[in-house]
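Here is a short report on one protein model. Please look at the sequence and the structure first.

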Amino acid sequence: MATAEHFMATDIEWDPTGRYVATAVTSVHEMENGFNIWSFNGKHLYRILKDHFFQRKRIAKNLKKYSKKIRGRDQDVSLLLSEQEREKRRMLKEDWDKWVNEWKRIHEEEKLYRQKLRDGEASDEEEEYEAKDIEVEEVHRCN
């Protein structure tokens with residue numbers, strides 16, 4: 001949520017959906033006449049200034065039109081964000097696949113080295129391992 005100020009505001013009205021709020025300065029004042037449209041969380045969306053503003057009823061009357069227009073823009077932004085999120089995920093998966101392929105390449109290149117370290121045994125496959133239980137006894141002398 002946010003806090004914002006509409007200097008000299010004389011009216012505030014929520015739209016029926018609760019998603020937008022309008023603040024207005026009517027022609028009671030000589031300056032700053034007009035209205036602002038805000039999102040429910042305080043983001044400033046529109047500012048319309050008029051020399052003489054008596055339009056409070058007009059806004060209320062046309063609020064469905066404004067809401068429909070803004071809803072369409074919200075949907076466009078939402079689709080754009082969804083596309084950006086898909087692109088971000090695609091890039092992350094691409095990076096992951098590159099990393100895995102690079103690891104596989106390095107693993108394959110080092111295969112002969114690993115085999116040499118194991119005295120010629122090719123034991124990269126799990127089935128090739130033999131488990132042995134070894135008991136170690138430690139003797140401590142006390143002086």
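The report below covers strands, a buried loop residue and a surface patch.

The model is predicted: local features need pLDDT of at least 70, side-chain atom pairs count only at pLDDT 80 or more, and totals for chains, interfaces and linings use all residues. Residues are numbered from 1 along each chain as its sequence is written, and side-chain values use heavy atoms, without hydrogens and water.

**Strands.** Strands are DSSP runs of E with at least two residues, and helices are runs of H or I with at least four. Two strands pair if DSSP finds at least two bridges between them.

| Pair | Sense | Bridges | Opposite residues |
|---|---|---|---|
| S1 and S2 | antiparallel | four bridges | Trp14 and Val21 |
| S2 and S3 | antiparallel | six bridges | Val25 and Gly34 |

S2 is mostly covered, with six of its six residues buried (under 20% relative accessible area; exposed is over 50%, partly exposed in between, 1.4 Å probe, protein chains only). Tyr20, Ala22 and Ala24 line one side of S2, and Val21, Thr23 and Val25 the other.

**The loop.** Five residues separate S1 and S2 in their hairpin, where Gly18 has a positive phi near 80°. Asp15 sits in this loop, between S1 (11–14) and S2 (20–25). Asp15 counts as buried because its relative accessibility is 4%. A polar atom of the Asp15 side chain lies 3.0 Å from the backbone nitrogen of Arg19.

**The helix.** Trp103 belongs to helix H2 (residues 63–109). Trp103 counts as partly exposed because its relative accessibility is 48%.

Technical notes:
A polar contact is a pair of N or O atoms within 3.5 Å; within protein, one must be able to donate a hydrogen and the other to accept it, and residues adjacent in sequence count only if both atoms are side-chain atoms.
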